[in-house]
Amino acid sequence: MTGFTTSEISRIMCEPEYRASRGSLGRKPSGDDRRQAAITMEKAMPNVEEVADKIYRLETPIPGMSTIFAVYLIQESEGVLIEPGPATALPQIREGMNTLGMKELAYIIPTHIHVDHAGGTGALAQLFPQATVLVHPAGVKHVVDPSRLIESTKMAFGPDFEDRLGPIIPVPESQIEVPEDGEIISINGRELQIIYAPGHAPHHMVIFDRSVEGIFCGEALGLPGQGDKLFPLPGVAPPSFDQELYLETMELLRQLGPRMLFYSHGGVGREPDTLISMAAESTRVFGDIILKALKEGEPPEAISRRIGEYATSSYGLKLDDMDLAMIVGGYALYFNKKGLA
Ligand SMILES: [Zn+2]
């Protein structure tokens, strides 16, 4: 059983007061703003909200997936975009940038190259040719030539993924920079530190915004549930999920002492230490259950059922078949590679 109660879990995400007091754009509306807002409203106001100083969150659905996705825009100098999302998010990103009056981007930073986080990077880079795209060294060759990435995306999301998520097009090599682990990008005095964060995937990195002490954590710190179901579950994707590295990364990021977690598949976590403990707990427990079942020769469907039941009874979460297949498949491959199952 989990060591956290449901009310404890609900308390620690997304303080509503912050939004209420700051408004969706974070300052008192002027006459100009109201006119601007009226114009924007006609075009269906995109869901852009300030979640921390000059940091805006834009939510976009991921067609065919139960989870939501968040793109983050930092309104500093020419602008920074973290997590492009799939190519289908592009119109919403442009609308969001219009709403904020952002015309350019200095940096485009996907946390890792999976299609739901970075499928639209090439298209976005084309739209902002002066922007620098930061990519983990293990991901570079796959964004320059996405042929293998497209193949693996077809395996994970089906051969028709482009119909739902849009195409993955190459990112021009001339726009790419590969940051070192710990490297700091300074924008207008705002320091964004890139930290390699393997475990979910070898090409995963996070961005630590030192001015607000917040981490754009991608899937490195688990996947929080939605609504009041907030217990973060391990972000598992075959074939390269590594439980040991995943847990090590969590502790490394905890040591940074973040005050906020900007989730890609969720909102903003305001009690990082507790949330990281929860994510580590579910990662260990799922691993234990799956390893035991594998050793006993249980078939994958039965293990999936077991995990689904555990998630519901202990965390109040309902996982769909695809989530379960990813979790069980990812762990099974990992234990296999380790020679444990
Ligand atoms: Zn991923």
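How many residues does the hairpin that joins β12 to β13 run through? The close-ups below, drawn from a predicted model, start with that turn and then move outwards.

**Figure 1. A hairpin links strands β12 and β13.** The answer to the opening question is four residues, which make the connection between β12 and β13. Strand β12 covers residues 260–263 and strand β13 covers residues 268–269; the two run antiparallel and are joined by two bridges. Look for F262 in this view, with V268 of β13 standing opposite.

**Figure 2. Strand β12 has buried residues pointing both ways.** In a regular strand the side chains alternate between the two faces of the sheet. Here M260 and F262 point one way from β12, while L261 and Y263 point the other way. Are these four buried or exposed? Every one of them is buried.

**Figure 3. Strands β10, β11 and β12 meet through G214.** Strand β11 (residues 214–218) pairs with β12 in the parallel sense, over four bridges. With strand β10 (residues 205–209), β11 pairs in the antiparallel sense, here over three bridges. G214 is a handy landmark: its bridge partner in β12 is M260, and G214 is itself the bridge partner of D209.

**Figure 4. The six-stranded sheet is open.** Stepping back from the previous views, the strand order reads β8-β9-β10-β11-β12-β13, with mixed pairing. Which strands stand at the edges? They are β8 (184–187) and β13; each has a single partner strand, so one side of each lacks a neighbour in the sheet.

**Figure 5. C217 sits among the best-connected residues of the largest nonpolar core.** This core has 88 residues, and Y72, V206 and C217 have the most contacts inside it. Helix α11 (residues 272–295) supplies the largest share of the core, with seven residues. Setting aside neighbours within four places in sequence, the contacts of C217 are V206, L253, L261, F262 and Y263. Two of the names from Figure 2, L261 and F262, are thus worth finding again beside C217.

**Figure 6. Helix α12 has a buried side and an exposed one.** Helix α12 (residues 300–315) has 16 residues and spans 21 Å from its first C-alpha to its last, close to the 22 Å expected at 1.5 Å a residue. Its buried residues are I303, S304, I307, A311 and Y315. Why do they lie on the same side of α12? Because they cover an arc of only 105° around the axis. An α-helix has 3.6 residues a turn, so residues three or four places apart point the same way. On the other side of α12 you will find E301, E309, T312 and S313, which are exposed. The cover over the buried residues includes α11 and α13 (321–337). Just past the end of α12, G316 adopts a positive phi of about 70°.

**Figure 7. A seven-stranded open sheet carries helix α4.** This sheet also has mixed pairing, and its strands follow the order β1-β2-β3-β4-β5-β6-β7. At its edges are β1 (48–52) and β7 (176–177), each pairing on one side only. Helix α4 (residues 90–100) packs on the sheet and touches β1, β2 and β3, its direction making about 150° with that of β2. Within the sheet, β2 (residues 55–61) and β3 (residues 68–74) pair in the antiparallel sense over seven bridges. To place yourself in that pair, find E59, which stands opposite A70 in β3.

Notes:
Residues are numbered from 1 along each chain as its sequence is written. This is a predicted model: local features need pLDDT of at least 70, side-chain atom pairs count only at pLDDT 80 or more; totals for chains, interfaces and linings use all residues. Two strands pair if DSSP finds at least two bridges between them. Two residues are in contact if their C-beta atoms, placed from the backbone, lie within 7 Å. Axes are lines fitted to C-alpha atoms, for helices over the stretch in contact, and angles run from 0 to 180 degrees between N-to-C directions. A nonpolar core is a set of buried Ala, Val, Leu, Ile, Met, Phe, Trp, Tyr and Cys residues joined through C-beta atoms within 7 Å. A residue is buried if 20 or more other C-beta atoms lie within 10 Å of its own, exposed if 12 or fewer, and partly exposed in between; C-beta atoms are placed from the backbone. The expected span of a helix is 1.5 Å times one less than its number of residues. The arc is that of the directions from the helix axis to the C-beta atoms.
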